[in-house]
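Me: I would be grateful for a close look at one part of this structure, set in the context of the whole. Please concentrate on a single helix and on what surrounds it.

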Amino acid sequence: MPLGDRIKELRVRKNKSLQEVADAIGASKAHIWELESNRSKNPSLDLLKKLAGYFDTTVAFLIDEQGTQSQAEMFFRRNSDKLGTLEEEQFKVLEDLLNVIAKKK
């Protein structure tokens, strides 16, 4: 998936407007639109870092056309501060739950 499509998917999933994303990362609305439209082919690393931070993902995920990030990976990344406070028993319960969910697919 091209970078622009990935950015747009993340923005829509987060239910944010072009202007909201632009304001949050210090870019123009037009520039975000150009990225999403795949018209801007070489964004700066600084911009990619800001976008990755805003969308709770990694630069590698944004630029890797072959890579994918599952919903589970995004969940764990967004909630890493909460997960760090869990005790070993709680991690085991969470792992068991994930195994049950995975088997239902």
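Reply: In this predicted model, residues 24 or more positions apart account for 48% of the contacts in the protein with a separation of 6 or more. The protein has eight helices and zero strands, and its elements therefore read α-α-α-α-α-α-α-α from the N terminus on. Of its 105 residues, 29% count as buried. The protein exposes about 7,200 Å², of which carbon and sulfur atoms supply 52%.

The part chosen for the close look is helix 3, which spans residues 29-36. Which residues of helix 3 are buried? They are Ile-32, Leu-35 and Glu-36. Viewed down the axis of helix 3, these buried residues fall within an arc of 95°, and they therefore line one face of the helix. The general geometry of such elements is relevant here: an α-helix has 3.6 residues a turn, so residues three or four places apart point the same way.

Against which elements do the buried residues of helix 3 pack? Their partners are helix 1 (3-13), helix 2 (18-25) and helix 4 (45-54). Just after helix 3, the backbone at Asn-38 adopts a positive phi of about 60°.

One of these partners, helix 4, covers residues 45-54, and the aromatic residues considered next are Tyr-54 and Phe-55. The structure holds one aromatic pair. The ring centres of Tyr-54 and Phe-55 lie 5.0 Å apart with their planes at 75°, so the pair is edge-to-face. Are the two residues buried or exposed? The cut-off for burial is a relative accessible area under 20%. Tyr-54, at 17% relative accessibility, therefore counts as buried, and Phe-55, at 4%, also counts as buried.

For the surface, helix 8 (residues 88-104) offers a point of reference, as Leu-97 lies within it. Leu-97 forms a nonpolar surface patch with Leu-98 and Ile-101. Together these three residues have about 250 Å² of accessible area. Leu-97 itself has a relative accessible area of 47%. Because residues count as exposed over 50% and as buried under 20%, with partly exposed in between, Leu-97 is classed as partly exposed.

In summary, the buried residues of helix 3 line one face and pack against helix 1, helix 2 and helix 4, while Leu-97, Leu-98 and Ile-101 form a nonpolar patch on the surface.

How values were computed. Residues are numbered from 1 along each chain as its sequence is written. This is a predicted model: local features need pLDDT of at least 70, side-chain atom pairs count only at pLDDT 80 or more; totals for chains, interfaces and linings use all residues. Side-chain values use heavy atoms; hydrogens and water are left out. Patches are made of residues with over 30% relative accessible area and no salt bridge: like charges are joined within 9 Å, nonpolar side chains (Val, Leu, Ile, Met, Phe, Trp, Tyr) within 5 Å. Accessible areas come from the Shrake-Rupley method with a 1.4 Å probe; for residues, only the protein chains shown count as cover. A salt bridge is a side-chain nitrogen of Lys or Arg within 4 Å of a carboxyl oxygen of Asp or Glu. Helices (H or I, at least four residues) and strands (E, at least two) are DSSP runs, numbered from the N terminus. Buried means under 20% relative accessible area, exposed over 50%, partly exposed in between (1.4 Å probe, protein chains only). Contact means heavy atoms within 4.5 Å. The arc is that of the directions from the helix axis to the C-beta atoms. Rings of Phe, Tyr and Trp (its six-membered ring) pair if their centres lie within 6.5 Å; planes under 30 degrees apart count as stacked, over 60 as edge-to-face and the rest as tilted.
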